[in-house]
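This report describes the architecture of one protein chain for a reader who has its sequence and model at hand. Please keep the structure in view while reading.

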Amino acid sequence: MFYHDGGKLQYPVKVEKPNPVFARALQQAIGGIQGEIRVCLQYLFQAWGSRGPTKYRDMLLETGTEEIAHIEMLCTAVALNLEGAPTEQDEAAKDPMIAAVMGGMEFQHVLTTAMAAMPIDSSGVPFNCSHVYASGNGAADMLANAMAESTGRMLACQLYKMTDDPGMKDMLKFMIARDIMHQNQWLAAWEDMGGRSNHPIPKKNR
Ligand SMILES: [Fe+2]
């Protein structure tokens, strides 16, 4: 299933000036409830449970797979932002552990992973699969997917405003564009399933 192409990411990820606090913020886009693990698992589980026309299942499978690439990009961004941390933190604090905490970085990056991304949000909470929605109703799922992409885009826009790093802005611009594309795609699929004329969901009581 996985194609290894010389280590290429879906889109290049560069960091000019590492920032471990921004690495922590990026964790929200990996393991947060608006993040990429959420949409990845949501699309894949919807696909694996799909009994409808294969065109919808194919779209879900392909988009879920693309979301794996977004997790990979963000994990790379977290690792690059942790380069040199925590010794570059607040010079006033000589103990690197104390500096890390005072600087606001994620403590687990120091304690648990030797400076790598984790499936956690920006508060250190492990990803919660309760936010993966796969209802068994295609139209309901498409609306849930448009909502997931909307909150994902809101988060990416917030992260874009938080950073001055040109590499991070470039990566987030790409991800924001994909969020727009996916919103349009899910709403087009919902319309293809009947849109407003298919309401209420489900159409039949049993
Ligand atoms: Fe994504």
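Leaving aside its neighbours within four places in sequence, with which residues is E36 in contact? In this predicted model, the residues that E36 touches under that condition are A29, I30, E67, H70, I71, L74 and M175. E36 itself lies in helix α2, which covers residues 36-48. With a relative accessibility of 8%, E36 counts as buried, because the cut-off for a buried residue is under 20%.

**Overall architecture**

The protein contains seven helices and zero strands. Its pattern along the sequence is therefore written α-α-α-α-α-α-α. Of the 206 residues in the protein, 42% are buried. Among contacts with a separation of 6 or more, 74% are between residues 24 or more positions apart.

**The annotated binding site**

The UniProt record, an unreviewed entry, carries the annotation "binding site" for E36, E67, H70, E149 and H182. These residues are spread over 147 residues of sequence, yet they cluster in space, with a largest C-alpha distance of 12.9 Å. From this set, E36, E67 and E149 belong to the lining of the largest cavity.

H70 is located in helix α3. Its relative accessible area is 1%, so H70 is buried. Not counting residues up to four places away in sequence, H70 touches Q10, E36, F174, M175, R178 and H182. Two members of this list, E36 and H182, also carry the "binding site" annotation in the UniProt record. In addition, the side chain of H70 makes a polar contact of 3.1 Å with the side chain of E66.

**Salt bridges between helices**

How many salt bridges does the count come to? The count comes to two, and the table sets them out.

| Salt bridge | Closest N to O distance |
|---|---|
| D192 and K55 | 2.8 Å |
| E66 and R178 | 2.7 Å |

The pair of D192 and K55 links distant parts of the chain: D192 is in helix α7 (residues 166-192), K55 is in helix α3 (residues 54-81), and the two are 137 residues apart. D192 has a relative accessible area of 46% and is partly exposed. K55, at 48% relative accessibility, is also partly exposed.

In the other pair, E66 lies in helix α3 and R178 in helix α7, so the salt bridge ties together parts that are 112 residues apart in sequence. E66 is buried, at 12% relative accessibility, whereas R178 is partly exposed, at 23%. E66 is also the residue whose side chain makes the polar contact with the side chain of H70.

**Helices α6 and α7**

Helix α6 covers residues 138-162. Its 25 residues should span 36 Å at 1.5 Å a residue, and this agrees with the 36 Å between its end C-alpha atoms. The N-terminal end of α6 is capped by N137, which has a side-chain oxygen 3.0 Å from the backbone nitrogen of A139. The buried residues of α6 include A148, E149, G152, L155, A156 and L159. An α-helix has 3.6 residues a turn, so residues three or four places apart point the same way. The buried residues of α6 pack against α1, α2, α3 and α7.

Helix α7 has 27 residues and reaches 39 Å from its first C-alpha to its last, close to the 39 Å expected. At the start of α7, a side-chain oxygen of D165 reaches to within 2.9 Å of the backbone nitrogen of G167. Just after α7, G194 takes a positive phi of about 120°.

**Backbone features outside the helices**

Most residues other than glycine have a negative phi, and most peptide bonds are trans. Where does the backbone depart from a negative phi in a residue that is not a glycine? A114 has a positive phi of about 55°, and M115 has a positive phi near 70°. A114 is placed in the loop between α5 (107-111) and α6, and M115 is likewise in the loop between α5 and α6. At 67% relative accessibility, A114 counts as exposed.

Cis peptide bonds occur in the segment after α7. One joins H199 and P200, with omega about 0°, and P200 is found in that segment. The peptide bond from I201 to P202 is also cis, with omega near -5°, and P202 has its place in the segment after α7.

Notes:
Residues numbered from 1 in each chain as written. Predicted model: local features only at pLDDT ≥ 70, side-chain atom pairs only at ≥ 80, totals over all residues. Heavy atoms only, no water. Salt bridge = Lys/Arg side-chain N within 4 Å of Asp/Glu carboxyl O. Helix = DSSP H or I, 4+ residues; strand = E, 2+ residues; numbered from the N terminus. Buried < 20%, exposed > 50% of the residue type's maximum accessible area, 1.4 Å probe, protein only. Expected span 1.5 Å × (residues − 1). Polar contact = N/O pair within 3.5 Å; in protein donor to acceptor, adjacent residues only side chain to side chain. UniProt positions renumbered as here; feature names shortened; annotations may be inferred. 1 Å grid on protein atoms, 1.4 Å probe; cavity = no way out; pocket = protein on both sides within 12 Å on 5 of 7 lines; lining within 4 Å. Contact = heavy atoms within 4.5 Å.
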